[in-house]
Amino acid sequence: MSDPAVALAGVHHVAIICSDYARSKRFYTEALGLRVVAETYRAARDSWKLDLALPDGTQLELFSFPDPPPRPT
């Protein structure tokens with residue numbers, strides 16, 4: 001059990017793996033209105049990494065992979 005006196009001070013970033021990069025990018029940028037910080041194609045992994053900023057400074061890292069892991073639910 002964790003100590004209840006220890007509080008989480010914040011979150012720097014959250015990583016999300018998506019199965020459809022274009023659709024996920026549209027959702028986070030257009031539907032949610034998140035600002036793109038950087039977008040990088042990683043040729044060695046054949047994948048994209050999209051860094052998005054939330055208004056409070058927290059970042060979302062959106063990753064695509066050729067064979068993403070299945071969702072458990």
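This short presentation covers the salt bridges, aromatic pairs and some surface and backbone features of one protein chain.

Good morning, colleagues. The model above is predicted, and every value I quote is computed from it.

I begin with the charged side chains. As a general point, side chains of opposite charge can pair when their charged atoms come close. How many salt bridges does the count come to? The count comes to three.

Let me take the bridge between Glu39 and Lys25. The two side chains meet with a nitrogen-to-oxygen distance of 3.0 Å. This pair links distant parts of the chain, with Lys25 in helix H1, residues 21-31, and Glu39 in strand E2, residues 35-42. Along the sequence the two residues are 14 residues apart. Is Glu39 buried, exposed or partly exposed? Glu39 has a relative accessible area of 34%, so it is partly exposed. Lys25, with 27%, is partly exposed as well. This bridge therefore joins two partly exposed residues, one at 34% and the other at 27%.

The other bridges I wish to show involve Lys49. With Asp51, Lys49 forms a salt bridge whose closest N and O atoms are 2.7 Å apart. With Glu61, Lys49 forms a salt bridge whose closest N and O atoms are 3.8 Å apart. The pair of Lys49 and Glu61 again links distant parts of the chain: Lys49 belongs to strand E3, residues 47-53, and Glu61 to strand E4, residues 59-64, the two being 12 residues apart. Taken together, Lys49, Asp51 and Glu61 are linked in a network of salt bridges.

Where does this network stand with respect to the surface? Lys49 has a relative accessibility of 18% and therefore counts as buried. Glu61 also counts as buried, because its relative accessibility is 15%. Asp51, at 9%, is buried too. The cut-off behind these assignments is a relative accessible area under 20%.

Asp51 deserves a further look. Asp51 lies in strand E3. Its side chain is joined to that of Lys49 by a polar contact of 2.7 Å. Which residues does Asp51 contact, leaving aside its neighbours within four places in sequence? The contacts are with Arg35, Val36, Val37 and Ala38, and with Gln59, Leu60 and Glu61. Glu61 thus appears here as a contact of Asp51 and, as already described, as a salt-bridge partner of Lys49.

I turn now to the aromatic side chains. In general, a pair of aromatic rings is described by the distance of the centres and the angle of the planes. For this model the count comes to four aromatic pairs. One of them is formed by Phe27 and Tyr28, with ring centres 5.0 Å apart and planes at 80°. Why is this pair called edge-to-face? The reason is the angle, because planes over 60 degrees apart count as edge-to-face, and here the angle is 80°. As to accessibility, Phe27 is partly exposed at 42%, whereas Tyr28 counts as buried at 15%.

Another pair is that of Tyr41 and Trp48, with 5.1 Å from centre to centre and 55° between the planes, and this pair is tilted. Tyr41 has a relative accessible area of 39% and is partly exposed. Trp48, at 32%, is partly exposed too. Ring pairs also bring in Tyr21, so that Tyr21, Tyr41 and Trp48 are linked into a cluster.

Next, the surface. Leu8, Val11 and Val14 make a nonpolar surface patch of about 290 Å². Val11 is located in the segment before strand E1, residues 13-18. With 45% relative accessibility, Val11 counts as partly exposed.

I close with two loop residues. The loop between E2 and E3 holds Asp46. What is notable in its backbone? The phi angle of Asp46 is near 50°, a positive value in a residue other than glycine. Asp46 is partly exposed, its relative accessible area being 43%.

The other residue is Gly33, found in the loop between H1 and E2. Is Gly33 buried or exposed? Gly33 counts as exposed, because its relative accessibility is 51%. The C-alpha atom of Gly33 is separated by 25 Å from that of Ala9, which is 24 residues away along the chain.

Thank you for your attention.

Note on methods. Residues are numbered from 1 along each chain as its sequence is written. This is a predicted model: local features need pLDDT of at least 70, side-chain atom pairs count only at pLDDT 80 or more; totals for chains, interfaces and linings use all residues. Side-chain values use heavy atoms; hydrogens and water are left out. A salt bridge is a side-chain nitrogen of Lys or Arg within 4 Å of a carboxyl oxygen of Asp or Glu. Helices (H or I, at least four residues) and strands (E, at least two) are DSSP runs, numbered from the N terminus. Buried means under 20% relative accessible area, exposed over 50%, partly exposed in between (1.4 Å probe, protein chains only). A polar contact is a pair of N or O atoms within 3.5 Å; within protein, one must be able to donate a hydrogen and the other to accept it, and residues adjacent in sequence count only if both atoms are side-chain atoms. Contact means heavy atoms within 4.5 Å. Rings of Phe, Tyr and Trp (its six-membered ring) pair if their centres lie within 6.5 Å; planes under 30 degrees apart count as stacked, over 60 as edge-to-face and the rest as tilted. Patches are made of residues with over 30% relative accessible area and no salt bridge: like charges are joined within 9 Å, nonpolar side chains (Val, Leu, Ile, Met, Phe, Trp, Tyr) within 5 Å. Accessible areas come from the Shrake-Rupley method with a 1.4 Å probe; for residues, only the protein chains shown count as cover.
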